Amino acid sequence: MTQPLSALQPGRVITSTGSWYEVDVAGERVQARIRGRFRQAEATTTNPIAVGDRVLVSREEDGNGVIEEILPRTTQLSRRAPGRRVGIEAVIAANVDRAWCVQSAQMPGLNPGLVDRFLVTAARDKIPAGIIVNKVDLLDAFDSDEVPVEAFEWFCDLYHGLGYPVVATSAESGHGLDALRAALQDETSVISGASGVGKSSLLNAVAPGLSVRTGEVSARTRKGKHTTTHAALFPLPFGGYLVDTPGIREFGVTGLEPHDLGHYFVEFTSLLPQCRFPTCTHDHEPDCAVKAAVDDGTVSDSRYQSYLSILEGLRLGDRDTGR
Ligand code: GDP
Ligand code: ZN
């Protein structure tokens, strides 16, 4: 028997473990299953419902829920599902307002290559991105003209100059935590970062008492069927939600044609019409406006190297699928 529409309650998916979901229904945390048909609905993703999804839930006699409908997503952040074939994606979170990439100024140091992969993926998914540079207290051990400090300033100037918000923080000293709170307030934010950059320390410093299980890279495989990435949505005490994701081991950029990659490098976009070939991939073609801009220093060499590296990955991906 189908449920009358009036019996359906709107909710937001807070956690997802693959077969059970915790749904926030007007402040009540309801354990819910999903209808089997969602599982087959999308063959291109490993998970039919993601943390952050807005859903309609029917209730069973024992109080548990059944997710009957997924409301249209404003955004979805996804990545290549680890160990799965090209084209299969894991949706990390849905309805996200901004995706933040956490870096640390030292231990480990800045990783622009990873940041650029992150920015391309977010842009592909049409999610505004931002960068958090943590552990800035460790820079105090250096003079202003020493390499780590210069690298930090170069990094902040580069990404700030490209239009991305860059927030410098220290979970240790408290530097920048107010600015970070202001940046997260009233938004649904996803925060990703390699293990060790201080993501959990930072989140616990920003919102003490928030039980964030960051860094947990547990993936449960049920008879080899679905690899489950554990993610969760946490309400922030000052308003907004935070999506907690397992540490990202592999940030593969997929779902782009090699000649489209340039569109996801924000500083390339105005140059693209000036390349001689409309399908220019900006690596070997003559009369390329991007290469000219790299040569004259308008486009940073670091960004161009990231571009070439991602381009190579996209080409290898194409070969794998035989296209
Ligand atoms: P995660 O793996 O990204 O969640 O990182 P953790 O929060 O577990 O932090 C990794 C290590 O870095 C721990 O030893 C923390 O104490 C340390 N750490 C985190 N934030 C800072 C910071 O702002 N400054 C310094 N000096 N150390 C930090
Ligand atoms: Zn070009």
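**Exercise 1. Decide whether H282 is buried or exposed.**

Let's start with one histidine; keep in mind that this is a predicted model.
- Step 1: look up the relative accessibility of H282, which is 3%.
- Step 2: recall the cut-off, since buried means under 20% relative accessible area.
- Step 3: put the two together, and H282 counts as buried because its value is 3%.

C280 goes the same way: its relative accessibility is 3%, so C280 counts as buried too.

**Exercise 2. Work out which atoms hold the zinc ion (ligand 2), and how they are arranged.**

- Step 1: find the donors. They are C275 (SG), C280 (SG), H282 (ND1) and C288 (SG).
- Step 2: check the distances, which run from 2.1 to 2.4 Å.
- Step 3: go along the chain. The donor residues follow the spacing C-x4-C-x1-H-x5-C.
- Step 4: turn to the angles. The four donor atoms subtend 100 to 118° around the zinc ion. Four donors count as tetrahedral if all angles lie between 85 and 135 degrees, and the zinc site is tetrahedral because of its angles of 100 to 118°.

**Exercise 3. Describe the surroundings of ligand 1.**

- Step 1: count the neighbours. Ligand 1 is surrounded by 16 residues, and the closest are D137, G196, K199, S200 and S201.
- Step 2: sort the shell by character. You get four nonpolar, eight polar and four charged residues.
- Step 3: see which element gives the largest share. That's helix α5 (residues 199-206), with three residues.
- Step 4: pick out contacts to oxygen atoms of ligand 1. A polar side-chain atom of K135 sits 3.0 Å from one. With E172, a backbone N or O atom is 3.3 Å from an oxygen atom of the ligand, and for G198 a backbone N or O atom is 2.9 Å away from one.
- Step 5: ask how much gets covered. Ligand 1 exposes 580 Å² when taken alone, and the protein buries 70% of that.

**Exercise 4. Place two acidic residues, D53 and E312, and say how accessible each one is.**

- Step 1: locate D53. You'll find it in the loop between α1 (36-41) and β4 (54-59).
- Step 2: D53 has a relative accessible area of 0%, so it is buried.
- Step 3: look for a partner. A polar atom of the D53 side chain lies 2.8 Å from the backbone nitrogen of A50.
- Step 4: now E312, which belongs to helix α7 (residues 301-320).
- Step 5: the relative accessible area of E312 is 52%, so this residue is exposed.
- Step 6: compare sequence with space. E312 and P258 are 54 residues apart in sequence, yet their C-alpha atoms are 8.3 Å apart.

Key
Residues numbered from 1 in each chain as written. Chains lettered and ligands numbered in written order. Predicted model: local features only at pLDDT ≥ 70, side-chain atom pairs only at ≥ 80, totals over all residues. Heavy atoms only, no water. Donors = N, O, S within 2.8 Å, 3.2 Å for Na, K, Ca; no water. Tetrahedral: all angles 85-135°; square planar, octahedral: opposite > 155°, others 65-115°. Buried < 20%, exposed > 50% of the residue type's maximum accessible area, 1.4 Å probe, protein only. Near = heavy atom within 4 Å. Polar contact = N/O pair within 3.5 Å; in protein donor to acceptor, adjacent residues only side chain to side chain. Areas by Shrake-Rupley, 256 points an atom, 1.4 Å probe, with all protein chains shown as cover. Helix = DSSP H or I, 4+ residues; strand = E, 2+ residues; numbered from the N terminus. Nonpolar A, V, L, I, M, F, W, Y, C, P; charged D, E, K, R; others polar.
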